[in-house]
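I opened a notebook page for this model and went through it topic by topic. My entries follow in the order I made them.

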Amino acid sequence: MGFLSDHLRHKRDCNFKQAERRERISSLGPEYHAALSGEDLDTINKPIAELVSDIQSNAILPFSVLRTYGKVAVRAHLKTNCLTEILISAAEDSLKNSKDINLQGPLAGIPISLKDTIIVGGFDTTVGYSSFVGNKADNPQDGPMVRLLKDAGAIPYVKTNLPISLLSYESTNDVWGRCTNPYNKAYSPGGSTGGESALLACGGRIGIGSDVAGSVRVPAHFSGCYSLRCATGRWPKAGILTSMPGQEGVPSVYSPMARTLDDLSYFTRAVIGMKPWKYDHSVHPLAWRDGVVEEFADQERRLRVGVLRTDRVVDPSPACKRALETVEEALRREGHEIVEMEDAPDMFEALRMGALLLNADGGWWFNSYRRFGEWLDTGASLLSFGKWPSIARYLCYLWVRYIRQDKLWAELVKQTRPISAAENWGEVKKREAYRAEWFEYWNRKQFDVLISPPNALPAISHDASKDTFSNCGYCFLFNLLDYTAGIIPVTHVDSALDKLPSTFNHRKLNGIATRAYKYYDADRMHGLPVGVQVIGRRLEEEKVLAVMKRVEDALGKDKYKLFDPELLNDVVD
């Protein structure tokens, strides 16, 4: 009976949260349900510095800006199911009480969306778990991250969808349902910060997500927005809940996302300018370095750019390869030096080591919060393989290694297991040696930055995580190294340009690549966004953002065409 009652509580709490969300949306004033006007579109497209200045000078009322982005959120949610907690009424109350929001701050009156893991006082932080429903009683006050944002003048107005494991490139759970890609509802917006990317791509302004294996970068690539994976200690992370407390083998970081590169740069600078080390003990007291921005923004400076064409596990699909080559060609036209990276340290070793460190508990923690019958995305469910008896796991390894003759896939099968503290220490020792190897390699090559695909594929179809879960090396590598990395959307899948060549043979691929390429179909994917990753070293946020701007300027007329928010007016409830 215990299992049955647990499942009934699960269903009850899921139904309660979805009904609460519907009621909060339906109870908003009629202005939030109206079509986006020309004035709304002007607000969405206005540079963020101008918008902040207009609010500070009372040229624009913050209520007006909130209502514009409230409209965007409501319509984006109808299109993609991107929202979890609706904070709009509370945001209106905060604006009425000017003591709660600093309307002279660097983010004065700017609505901000937040990944559901971030604690906002008086609201649940479910992380998609039904067992977390009602936990607002444990968090009556804003967490430190939200306090900083409000002190800067930002207005939290919605929280966004995610997977419970925080280890998926999909954003689906039983409490909030499935989030879809704004360009094609049959595809994922990414994960684990997929609700953010869907909202921002549709016309949201700025948001915050977390990243442990590409979780702000892959969603930006899948959905067509911008993101920056900050190094540990540069962005605040106090005031959150997670499904993996205590996991430090591959540290998770919180980081900014935005609809435009200008918004992303301004937002990052504004938050660091708020001295986040005064809100969060884990943040380094490292001020924003304008001199670094100026150095790498200087048009006279020619950059030395390493091109990481493949992780040697899953080669990039034609669409992702074309996006990378588009950026490479744009940089060459500007006179920058392109450096090949065939001699880079073994990236499969990073995937092997990172997977073992990230799942050192065998998935125990993220499973411990699940109720009986609670859905788990198909990718993260593979980690439960570690619970199998050791003899069964070993036989599976032998079959893959010697019958399938797939050394790479067999090694990941072998590593999907819980490990002892002693073995964990040993892997951390290897991680530090690997980081040192990359440090010396970068010094020897004298790179300014690297560019790479963010993933071998564009957005994946729903439930494809079971076969694409290990297709994460292009982003995961830089989590393991703790390097700063940003995403620029570059192009869209083109069914004519991005087909697999007639000579392509799935049988010649390793098992990881074979499983991933089952989902590559340029015809079905036509129109999906495709991004490129720009990578610096640790704590080089200023440099990476400056180079992202150089890249986007170099693209010129080939610059990515953003989703048109006016299309949201066609969305019908």
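**Aromatic pairs**

I began with two tyrosines, and Y517 is buried at 4% relative accessibility. I note that the model is a predicted one. Y520 is buried too, at 7%. I then looked at how their rings meet. The ring centres of Y517 and Y520 are 6.2 Å apart and the planes stand at 65°, so I logged the pair as edge-to-face.

How many aromatic pairs does the count come to? I got 18 aromatic pairs. One of them joins Y183 and F563, with 5.7 Å from centre to centre and 85° between the planes, again edge-to-face. I checked where the two partners sit. Y183 is in the loop between β5 (177-178) and α7 (194-202), and F563 is in the segment after α22 (541-555). The pair links distant parts of the chain, 380 residues apart. Is F563 buried or exposed? F563 has a relative accessible area of 8%, so I put it down as buried. Y183 has 25%, which makes it partly exposed.

I also found an aromatic cluster, made up of W438, Y441, W442, F447, F478 and Y483.

**Charges over rings**

Next I looked for charged ends above ring faces. R401 places its charged end over the ring of Y402, 5.1 Å from the centre. K414 lies over the face of Y397, and I noted 5.3 Å to the ring centre.

**The chain as a whole**

I stepped back for the overall numbers. The chain has 22 helices and 13 strands. The C-alpha trace spans about 70 × 70 × 50 Å along its principal axes. Why does the radius of gyration of 23 Å agree with a compact globule? For 573 residues such a globule would have a radius near 25 Å, so the value for the chain fits.

I logged 61% of the 573 residues as buried. The exposed area is about 21500 Å², and carbon and sulfur atoms supply 53% of it. I also checked contacts between residues at least 6 apart in sequence: 82% of these join residues at least 24 apart.

**Cores**

Which residues touch the most other members of the largest nonpolar core? They are I208 and W438, in a core of 166 residues. Helix α22 gives the most to this core, with eight residues. Another core lies apart from it and has six residues, including L200, C225, M257 and I487.

I went back to W438, which is also in the aromatic cluster. Leaving aside neighbours within four places in sequence, W438 contacts M341, A344, P345, M347, L450, L477, L481 and Y483.

Two of those contacts, L477 and L481, are among the buried residues of α19. I therefore opened α19 (residues 473-481) and found nine of its nine residues buried. F478, a member of the aromatic cluster, is buried in α19 as well. Just after this helix, D482 takes a positive phi of about 60°.

**Backbone oddities**

I kept a general point in mind here. Most residues other than glycine have a negative phi, and most peptide bonds are trans.

I listed two more positive values. Phi of N58 is near 65°. N58 lies in the loop between α3 (48-56) and α4 (62-80), and at 60% relative accessibility it is exposed. Phi of L166 is near 60°. L166 is in the loop between β3 (155-160) and β4 (172-173), and at 6% it is buried.

Where did I find a cis peptide bond? It joins G191 and S192, with omega about 5°. S192 is in the loop between β5 and α7, the loop that also holds Y183.

**Two single residues**

I looked up N135 in the loop between β2 (111-115) and α6 (144-151). N135 is buried, at 8% relative accessibility. Neighbours within four places left aside, N135 is in contact with D124, T125 and L241.

My last entry is S265, in helix α9 (residues 261-273). S265 has 18% relative accessibility and counts as buried, since the cut-off for buried is under 20%. From S265 to S227 I noted 9.6 Å, C-alpha to C-alpha, with their places 38 residues apart in sequence.

Key:
Residues numbered from 1 in each chain as written. Predicted model: local features only at pLDDT ≥ 70, side-chain atom pairs only at ≥ 80, totals over all residues. Heavy atoms only, no water. Phe/Tyr/Trp six-rings, centres within 6.5 Å; stacked < 30°, edge-to-face > 60°. Helix = DSSP H or I, 4+ residues; strand = E, 2+ residues; numbered from the N terminus. Buried < 20%, exposed > 50% of the residue type's maximum accessible area, 1.4 Å probe, protein only. Lys NZ or Arg CZ within 6 Å of the ring centre and 35° of its normal. Rg over C-alpha atoms; globule rule 2.2 N^0.38 Å. Contact = heavy atoms within 4.5 Å. Areas by Shrake-Rupley, 256 points an atom, 1.4 Å probe, with all protein chains shown as cover. Core = buried A, V, L, I, M, F, W, Y, C linked by side-chain atoms within 4.5 Å.
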